[in-house]
Amino acid sequence: MTDNNAKTIPIPHNIVLEDRQHLTLSGVTDVDTFDEQTICVLTDLGELTIKGDDLHINRLSLEMGEMAVDGEITSLTYTDTAKPKESSFFGRMFR
């Protein structure tokens with residue numbers, strides 16, 4: 001018996017980058033967008049943007065939360081979407 005309302009167990013998030021050519025990710029929940037220069041993936045820790053040249057997704061399993069990317073990787077950037085930033089005093093004053 002399975003309960004559809006049960007919380008899913010988060011997959012551990014790991015990144016392995018080999019020689020800036022081979023990237024292996026775990027903890028991937030979805031792929032937002034992709035092309036040969038940019039891949040945006042969603043993880044439990046926020047959105048991860050992978051930038052480079054000639055990027056190819058070789059393996060993707062959302063059930064297992066795993067992904068493999070090949071190409072010339074130049075940047076890995078997180079956008080924290082998990083919790084909104086609190087505005088500073090001046091940010092609230094000048095809305």
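1. Ile15 and its setting. Ile15 is found in strand β1. In this predicted model, Ile15 counts as partly exposed because its relative accessibility is 33%, and the buried class ends under 20% while the exposed class begins over 50%. Ile15 also belongs to a nonpolar patch on the surface, together with Leu17, Leu45, Leu76 and Tyr78. The accessible area of these residues together is about 410 Å². Two strands, β1 (14-18) and β6, each supply at least two residues of the patch.

2. The chain as a whole. The protein chain has 6 strands and 1 helix. Read along the sequence, the order is β-β-β-β-β-β-α, with the helix after the strands. The chain has 95 residues, and 26% of them count as buried. The chain exposes about 7200 Å², of which carbon and sulfur atoms supply 53%. Taking contacts between residues at least 6 apart in sequence, 42% join residues at least 24 apart.

3. The hairpin of β1 and β2. The strands β1 and β2 run antiparallel and are joined by 5 bridges. One pairing can be followed by eye: Val16 has Thr24 in β2 as its bridge partner. The two strands form a hairpin, with 3 residues between them.

4. The loop of this hairpin. Which residues in the loop between β1 and β2 should a reader look at? Asp19 is in this loop, and Arg20 lies there too. Asp19 is not a glycine, yet its phi is positive, at about 55°. Arg20, also not a glycine, has a positive phi of about 55°. As for accessibility, Asp19 counts as exposed because its relative value is 70%, and the cut-off for exposed is over 50%. Arg20 has a relative accessible area of 46%, so it is partly exposed.

5. Ser26 in β2. Ser26 is placed in strand β2. Is Ser26 buried or exposed? Ser26 counts as buried because its relative accessibility is 13%, and the limit for that class is under 20%. Setting aside residues up to four places away in sequence, Ser26 touches Pro12, His13 and Asn14 on the one hand, and Gly65 and Glu66 on the other.

6. The salt bridge. How many salt bridges does the count come to? The count is 1. The partners are Glu66 and Arg59, and their closest N and O atoms are 3.3 Å apart. Glu66 is partly exposed because its relative accessibility is 30%. Arg59 has a relative accessible area of 39%, so it too is partly exposed. Glu66 was met above as one of the residues touched by Ser26.

7. The largest nonpolar core. The largest nonpolar core has 12 residues in all. Its members are Leu23, Leu25, Val28, Val31, Ile39, Val41, Leu48, Ile50, Leu55, Met67, Val69 and Ile73. Which strands supply at least two residues each to this core? They are β2 (22-26), β3 (28-34), β4 (38-43), β5 (46-61) and β6 (66-79).

8. Val41, a member of the core. Val41 has its place in strand β4. Its relative accessibility is 0%, so Val41 counts as buried. Val41 and Val28 are 13 residues apart along the chain, and their C-alpha atoms are separated by 6.7 Å. Leaving aside neighbours within four places in sequence, Val41 is in contact with Leu25, Val28, Asp30, Val31, Asp32, Gly46, Glu47, Leu48 and Met67. Several of these contacts are themselves listed in the core, including Leu25, Val28, Val31, Leu48 and Met67.

9. Leu55, another member of the core. Leu55 is also listed in the core. What is Leu55 in contact with, leaving aside its neighbours within four places in sequence? One part of the list is Asp35, Glu36, Gln37, Thr38 and Ile39. The list also includes Ile50, and then Val69, Asp70, Gly71, Glu72 and Ile73. Among these contacts, Ile39, Ile50, Val69 and Ile73 belong to the core as well.

Key. Residues numbered from 1 in each chain as written. Predicted model: local features only at pLDDT ≥ 70, side-chain atom pairs only at ≥ 80, totals over all residues. Heavy atoms only, no water. Core = buried A, V, L, I, M, F, W, Y, C linked by side-chain atoms within 4.5 Å. Buried < 20%, exposed > 50% of the residue type's maximum accessible area, 1.4 Å probe, protein only. Helix = DSSP H or I, 4+ residues; strand = E, 2+ residues; numbered from the N terminus. Contact = heavy atoms within 4.5 Å. Areas by Shrake-Rupley, 256 points an atom, 1.4 Å probe, with all protein chains shown as cover. Patch = residues over 30% accessible without salt bridge, like charges linked within 9 Å, V, L, I, M, F, W, Y side chains within 5 Å. Salt bridge = Lys/Arg side-chain N within 4 Å of Asp/Glu carboxyl O. Pairing = 2+ DSSP bridges.
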